[in-house]
Amino acid sequence: MQDFPLNQESAQTAGDSSETPGSAAAVANEVQPESMPGLQELLRKAELQAQEHHDAWLRAKAETENVRRRAQADVANAHKFGVESFANALLPVKDSLEAALAAENNTVESIRSGVEITLKQLAAAFDKFSLTEINPVGEKFDPHRHEAMTMIESEQAPNTVVQVLQKGYALHERVVRPALVCVARGKQG
């Protein structure tokens with residue numbers, strides 16, 4: 001086994017053997033520059049990595065913009081065609097009404113029967129899309145669901161709906177049209 005000098009003094013006392021091609025110091029000097037990249041190499045690697053990150057960022061930004069545009073188009077189409085299935089449910093109702101008008105020699109009974117069938121078709125379309133009637137006779141007046149047209153004297157408790165002038169409608173519990181009602185004023189003595 002060969003002993004290598006531990007400090008600079010002992011290396012100089014050993015002579016110029018540290019400069020000889022086979023010595024440990026010469027090998028260390030040769031290995032060191034190869035194992036540590038130079039500043040130019042580090043800069044080149046950093047620039048390549050920065051370019052890769054920039055390209056990835058541009059691709060992600062473009063993809064985000066595409067997703068945003070697609071989402072806007074989907075929302076626009078939902079607004080534009082959102083009632084398409086409801087319209088399809090109403091078409092048989094219109095067809096029935098047109099058929100009733102086109103028929104000749106109608107009797108009162110046949111017209112009444114046709115209107116009842118048409119009303120059932122319309123009610124089925126309303127049920128399918130959760131469009132419900134607001135018919136509050138006998139209920140307490142609710143200003144969020146009813147619109148009071150007048151107050152009348154009644155035997156019923158004050159603020160009770162006595163008469164419905166026009167039914168209201170709610171779509172999924174949201175009032176589309178409030179019911180027009182007459183409200184009990186209560187007896188004045």
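In this predicted model, the second largest pocket is lined by Gly82, Val83, Ser85, Phe86, Phe129, Leu131, Leu171 and His172. The space in this pocket comes to about 170 Å³. Sorted by type, the lining has five nonpolar residues, three polar ones and no charged ones. As background, rolling a probe the size of a water molecule over the atoms shows where empty space is left.

The lining residues lead to other parts of the chain. Ser85 and Phe86 are among the lining residues, and helix 4 covers residues 84–102. How far apart should the ends of helix 4 be, at 1.5 Å a residue? Its 19 residues should span 27 Å, and because the C-alpha atoms at its two ends are 27 Å apart, the expected and the computed values agree. Helix 4 also has a kink of about 25° at leucine 90, shortly before proline 92. In general, an α-helix has 3.6 residues a turn, so residues three or four places apart point the same way.

Leu131, Leu171 and His172, also among the lining residues, lead to a sheet. Three strands form this open sheet in the order 1-4-5, with antiparallel pairing. Its edge strands are strand 1 (131–134) and strand 5, each of which pairs on one side only. On average, neighbouring strands here are turned by 35° against each other, direction ignored.

Strand 1 and strand 4 pair in the antiparallel sense over four bridges. In strand 4, glycine 168 is the bridge partner of isoleucine 134. Strand 4 (residues 168–171) also pairs with strand 5 (residues 174–177), again in the antiparallel sense, over three bridges. Here valine 175 in strand 5 is the bridge partner of alanine 170. Strand 4 and strand 5 form a hairpin with two residues between the strands, and in this hairpin histidine 172 takes a positive phi near 50°. Histidine 172 also belongs to the pocket lining described above.

A further open sheet has three strands in the order 2-6-3, and its pairing is mixed. Which strands form its edges? They are strand 2 (146–152) and strand 3 (161–166), each pairing on one side only. Neighbouring strands of this sheet are turned by 30° against each other on average, direction ignored. Strand 2 pairs with strand 6 (residues 179–184) in the parallel sense over six bridges. Isoleucine 152 stands opposite alanine 184 in strand 6. For reading any such sheet, it helps to know that in a regular strand the side chains alternate between the two faces of the sheet.

Conventions:
Residues numbered from 1 in each chain as written. Predicted model: local features only at pLDDT ≥ 70, side-chain atom pairs only at ≥ 80, totals over all residues. Heavy atoms only, no water. Pairing = 2+ DSSP bridges. Axes fitted to C-alpha atoms, helices over the stretch in contact; angles between N-to-C directions. 1 Å grid on protein atoms, 1.4 Å probe; cavity = no way out; pocket = protein on both sides within 12 Å on 5 of 7 lines; lining within 4 Å. Points joined across faces, edges and corners; volume = space filled by probe spheres on them. Nonpolar A, V, L, I, M, F, W, Y, C, P; charged D, E, K, R; others polar. Expected span 1.5 Å × (residues − 1). Bend = angle between axes of the 7 residues up to and from the residue.
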